[in-house]
Each structure stands twice: as structure tokens, then as C-alpha cells.
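Here are a few exercises to work through with the model open beside you. Try each task yourself before you read on to its solution.

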Amino acid sequence: MKIKDVSIIGYGAYVPIFRIKDSEIARVWGRDPKRVPVNEKSVPGYDEDSLTMAVEATLNALKRSNISPDIIGAILVGSESPPYAVKPSATVIAEVLGVSRIVAVDMEFACRAGTTAMQNVIGMVGSGMIEAGIAIGTDTAQGRPGDELEYTAAAGAASYIISKSGNDDIARFEGSFSYVTDTPDFWRREGERFPRHGYRFTGEPAYFHHIYSAAKGLMDELGLKPQDFAHVVFHQPNVKFPTRMAKQLGFNKEQLKYGLLSGYIGNTYAAASLIGLANVLDNAKVGDRILVVSFGSGAGSDAFSIIVEDGILSKRDLAPKVFDYISRKKYIDYSIYSKFRRNIVM
Amino acid sequence: MNTFINSVPRSWRERKYKYRLIGGICKKCNATFYPYRGSCPYCGSDDIEEVNLPKKGRLISYTIIYSPPSEFRLKQPYIVGLIELEDGTRIIAQITDVDVNEVKDGIEVEAVFRRYREQGADGIIEYGIKFRPISD
Ligand SMILES: [Zn+2]
């Protein structure tokens with residue numbers, strides 16, 4: 001999918017202040033504390049959810065955009081952990097911004113929903129339906145206590161303000177490509193609190209196959225090779241998968257450096273690739289080309305090619321950076337974690 | 001004032017003020033207050049306009065709630081503070097992201113959008129402004 005004259009004019013991220021070390025989770029469940037998927041993961045406070053995190057990320061994005069919310073025509077929220085089963089988050093965010101005459105809707109596609117929101121806003125801006133729109137990926141993911149997912153399921157949000165290209169752009173979209181199949185690697189049935197997953201099924205036929213296909217598809221369509229990109233961001237359920245994916249596609253460690261944050265904050269699901277992109281934008285040079293590829297179970301990937309523009313220089317410092325959030329942290333133990341995650345039955 | 005009544009219409013009426021930290025300014029005595037209401041708590045005048053209050057301030061005093069109403073039980077202990085905003089407006093709000101043994105009078109705080117309370121497990125979730133310490 002070619003994209004013409006659509007740019008990022010604002011971006012913002014958010015990561016909660018609380019962290020739990022994987023070694024602390026391993027202690028509770030009798031697992032070797034050295035054989036864990038990430039060092040530590042972010043934990044939402046008792047009064048946080050995917051909606052409150054989306055608000056802070058979006059307010060950060062607006063600070064960088066230098067626009068009045070009045071020109072916003074759409075707010076699309078991608079999440080698999082909305083606070084309500086029925087009642088949208090997008091309308092609350094619109095109310096916080098004070099805008100009503102807009103398209104506002106929540107979207108769900110496991111960890112891919114944030115990039116799918118981005119793709120939809122690009123389409124609405126590109127077609128001229130709206131002047132600018134907001135795409136958000138946000139999640140407070142839960143793993144069943146003791147399950148493998150508990151070591152990585154984390155919380156975070158990222159928000160992007162997307163507009164017609166102008167002269168104050170942070171980055172411009174070059175193209176996008178999606179790839180989907182019906183793959184039952186991870187699911188949660190209606191009314192169930194915790195998801196289930198297909199263990200080994202989550203690797204080759206799910207994560208690797210979809211990201212590989214979307215990345216290849218986009219590069220073929222645009223006539224680009226791995227060495228044309230300064231940075232690459234993949235969905236990051238752990239550290240191992242994106243590292244292996246990069247190698248398999250022909251990217252080196254340097255290209256992956258800024259986009260891989262799961263070792264610090266865990267898997268932020270629908271926010272994961274978009275927080276990775278935010279950290280790349282915090283550090284990139286004007287002219288850098290970035291490849292972003294999400295993955296959502298069920299299953300599908302969205303790939304984007306993005307080129308950094310010179311608006312980044314004046315806008316980067318207008319809001320907290322990803323590492324401002326990553327470095328401000330408070331460690332909690334498993335008891336407080338259980339209380340925050342409402343896993344204590346009263 | 002915070003009136004803890006499980007009312008959907010009340011939370012709906014208050015949403016704009018709670019989400020965006022909108023207070024009132026009295027055109028007669030010039031006082032500012034939060035949340036917005038139609039009459040001045042200082043002089044009783046009805047000549048009130050809405051005002052966007054500053055998002056930063058200082059914690060003047062606080063109290064720690066150890067025995068909250070049952071719906072807040074999983075939250076205990078939590079902190080309720082008196083905050084003086086940069087323009088001098090004083091407001092009462094919950095203080096978040098800080099331990100009860102780390103909170104101190106005089107710390108700089110900033111507004112954040114958080115879950116305020118829930119009207120039971122199947123009820124409305126009320127959102128609003130709390131304050132957290134400014135880290136630096
Ligand atoms: Zn008055």
C-alpha cells in the first residue's frame with residue numbers, strides 16, 4: 001500500500017512507574033530466576049488502565065504536535081484490555097481533549113490493534129476525509145498467575161497524531177503492508193479473565209511467519225532492502241523473538257538498538273511496536289528510514305516504512321521521552337503486584 | 001466537593017470538570033476554586049466563569065486513608081492531599097504514584113488522569129484528575 005502526503009506531526013508514549021523483576025515472579029513460582037524472558041516489566045498502578053495510559057500518551061503527542069485539538073477528525077484506540085467490555089475508551093479521550101465532532105472508536109486485534117488504528121487514520125487522512133487524526137496503542141496486559149505470560153505481560157501506551165504532510169512534520173509515511181492468516185496462537189473467550197495460548201504454536205507459524213511476510217511484502221513493494229533502513233522495530237513479546245526476527249530478515253543489532261525495549265519494560269502488547277517507534281524517534285537523525293512491523297495473535301502483522309523529517313528537531317523535547325518514563329521507576333514485590341493487578345480476592 | 005454517591009448522572013455532569021481540571025472564577029471577588037460550580041464558595045456570588053486551572057502545584061498538606069469505604073478497600077492506604085496550584089487555587093485531590101512513607105508536605109506535584117472510583121464491579125468507572133510527584 002503506497003501512502004502519499006501523510007505524516008506524523010506528534011507522538012507521545014507512556015509507561016507506568018511501577019516495575020516488578022522477573023526474578024521476583026520466578027521466586028514465587030519456584031522457577032530458576034536466571035531463566036526468565038525479560039529483566040523486569042512495567043506494572044500499572046491500582047488507578048491506571050489502558051484508558052488512563054492512553055490519555056497521558058495522547059497529551060504528550062499533542063504537546064509535540066503544536067496543533068489545537070479542533071483539527072482532529074478521528075481518535076482510534078487499539079487495545080485488548082479496555083476498561084469496559086461495552087463502552088468505548090475513545091469517547092472518554094475525546095472528552096478529555098474537548099472534541100466531539102469526530103470519529104471515535106475502539107479497535108481490537110490482540111497486540112496489533114495499535115498499528116491497525118494507525119493504518120486506518122492514515123487512510124482517512126490520505127483520502128481527505130479528515131485533516132488529522134489520532135492513533136493509539138495501549139494495553140495493561142494480564143497473564144494468569146504462574147503462567148509463562150506473567151513474566152512479560154506489561155503496561156504502556158503510545159499515541160500518534162497523523163496529518164496531511166506539511167512543513168513541520170516529524171516523519172512521513174512511505175508505505176504500509178499487512179499480512180493476515182487464521183492462526184490460533186493466543187485467544188481469550190468472552191467473560192474469561194485471562195488469555196490462553198498455544199505454547200510452541202506462538203513462535204514459527206504465528207510471530208515469525210507474519211512479521212516476516214509483512215516486512216518482506218513491504219520491502220518488495222517499495223523496492224527496499226534491509227540496509228536501506230537505519231532502524232527497525234518489531235513487536236516484542238520478549239527479547240529473543242525480535243532479535244531472532246531481525247537476524248532472519250537481514251538486520252543487524254545496531255538497527256534494532258533503539259526499537260527494542262522489552263528487556264526494560266516487558267511486552268506492552270498493542271503499544272509495544274509503537275513505543276519502540278517512539279524511542280526511535282527520540283533518537284533518530286533527519287532522513288533516517290524506519291521499518292516498523294507489529295504482530296497480533298489470531299493473527300496478523302502491519303508493516304510501515306517511515307522517513308524522519310526535520311520537524312523532529314524542534315518537537316522532540318516538547319514532551320517526556322520514552323526513556324524518561326523507563327528510567328523513573330519504583331520496584332514492587334509480588335504481593336503489591338497482586339494487589340495492583342486485582343488478583344487478591346476480597 | 002467530593003460527594004461519594006453512586007450516581008451515573010452526577011459523574012456524567014461532572015465529567016468535563018473532572019477530566020480537564022476546569023474550575024470556577026468568581027467575577028465579583030476574583031477567587032478561583034475547583035471543581036467548577038455555579039456559585040462562589042467565598043462570597044456567594046452567582047457570577048462565575050469556567051477557568052482552565054494550571055496542571056502543576058505544591059502539596060500543602062495531606063492525610064492517609066487507612067480505613068476507606070468498602071469500594072476503595074483494595075486501594076488502601078491512599079493519600080488525599082491539599083494542593084496549591086501555580087495560580088494559588090487550592091484543591092483537594094488524591095495523590096498517586098507515591099508511597100505513604102515517601103509523601104512529604106511541600107513536594108511539587110502535577111495533574112494526571114486516573115481512575116477515581118468505581119460504582120461497584122458492574123457500575124460506572126469514574127475518571128478524574130489526581131496529582132503525582134514531579135520526578136526530576
Ligand atoms: Zn466570590
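**Exercise 1: two helices side by side**

Y207(A), F208(A), I211(A), Y212(A) and A215(A) from helix 5 of chain A touch F241(A), M245(A), Q248(A) and L249(A) from helix 6 of chain A. Keep in mind that this is a predicted model. Your task: work out what classes of residue make up the contact of helix 5 of chain A with helix 6 of chain A, and at what angle the two helices pack.

*Solution.*
- Step 1: sort the contact by class, and you get 8 nonpolar residues, 1 polar and no charged ones.
- Step 2: take the axes of helix 5 (residues 203-222) and helix 6 (residues 240-249) of chain A, which are 11 Å apart and make an angle of about 45°.
- Step 3: name the arrangement. Angles under 35 degrees count as roughly parallel and those from 65 to 115 as roughly perpendicular, so helix 5 of chain A and helix 6 of chain A are oblique to each other.
- Step 4: add the hand of the crossing, which is right-handed for helix 5 of chain A passing helix 6 of chain A.

**Exercise 2: a second helix pair**

Now do the same for helix 2 of chain A and helix 3 of chain A: at what angle do they pack, and how far apart are their axes?

*Solution.*
- Step 1: the angle is about 40°, and the axes lie 10 Å apart.
- Step 2: that makes helix 2 of chain A oblique to helix 3 of chain A.
- Step 3: their crossing is right-handed.
- Step 4: look at who meets whom. L51(A), A54(A), V55(A) and T58(A) of helix 2 of chain A face V92(A), I93(A) and V96(A) of helix 3 of chain A. That gives 6 nonpolar residues, 1 polar and no charged ones.

**Exercise 3: where the chains touch**

How many residues does each chain bring to the contact between chain A and chain B?

*Solution.*
- Step 1: count 19 residues from chain A and 17 residues from chain B.
- Step 2: find the helices involved. On the side of chain A that touches chain B, helix 2 (50-65) and helix 3 (90-97) of chain A each supply at least two residues.
- Step 3: split that side of chain A by class into 8 nonpolar, 3 polar and 8 charged residues.

**Exercise 4: the sheet of chain B**

In what order do the strands of the 3-stranded open sheet in chain B run?

*Solution.*
- Step 1: the order is 2-1-3, with antiparallel pairing.
- Step 2: strand 2 (32-33) and strand 3 (48-52) of chain B each have a single partner strand, so they stand at the edges with one side lacking a neighbour in the sheet.
- Step 3: check one pairing. Strand 1 (residues 22-26) of chain B is joined to strand 2 of chain B by 2 bridges, and I25(B) sits opposite T32(B).

**Exercise 5: two domains in chain A**

Which element gives the most to the side of domain 1 of chain A that touches domain 2 of chain A?

*Solution.*
- Step 1: set the bounds, with domain 1 of chain A at 6-170 + 321-338 and domain 2 at 171-313.
- Step 2: note that their centres are 16 Å apart, taken over C-alpha atoms.
- Step 3: count the contact, in which 48 residues of domain 1 of chain A meet 40 residues of domain 2 of chain A.
- Step 4: pick out the element, helix 4 of chain A, which gives 6 residues.
- Step 5: sort this side of domain 1 of chain A by class into 24 nonpolar, 16 polar and 8 charged residues.

Technical notes:
Residues numbered from 1 in each chain as written. Chains lettered and ligands numbered in written order. Predicted model: local features only at pLDDT ≥ 70, side-chain atom pairs only at ≥ 80, totals over all residues. Contact = placed C-beta atoms within 7 Å. Helix = DSSP H or I, 4+ residues; strand = E, 2+ residues; numbered from the N terminus. Nonpolar A, V, L, I, M, F, W, Y, C, P; charged D, E, K, R; others polar. Axes fitted to C-alpha atoms, helices over the stretch in contact; angles between N-to-C directions. Parallel < 35°, antiparallel > 145°, perpendicular 65-115°, else oblique. Left-handed = near helix turned anticlockwise from the far one by under 90°. Pairing = 2+ DSSP bridges. Domains from an automatic or database assignment.
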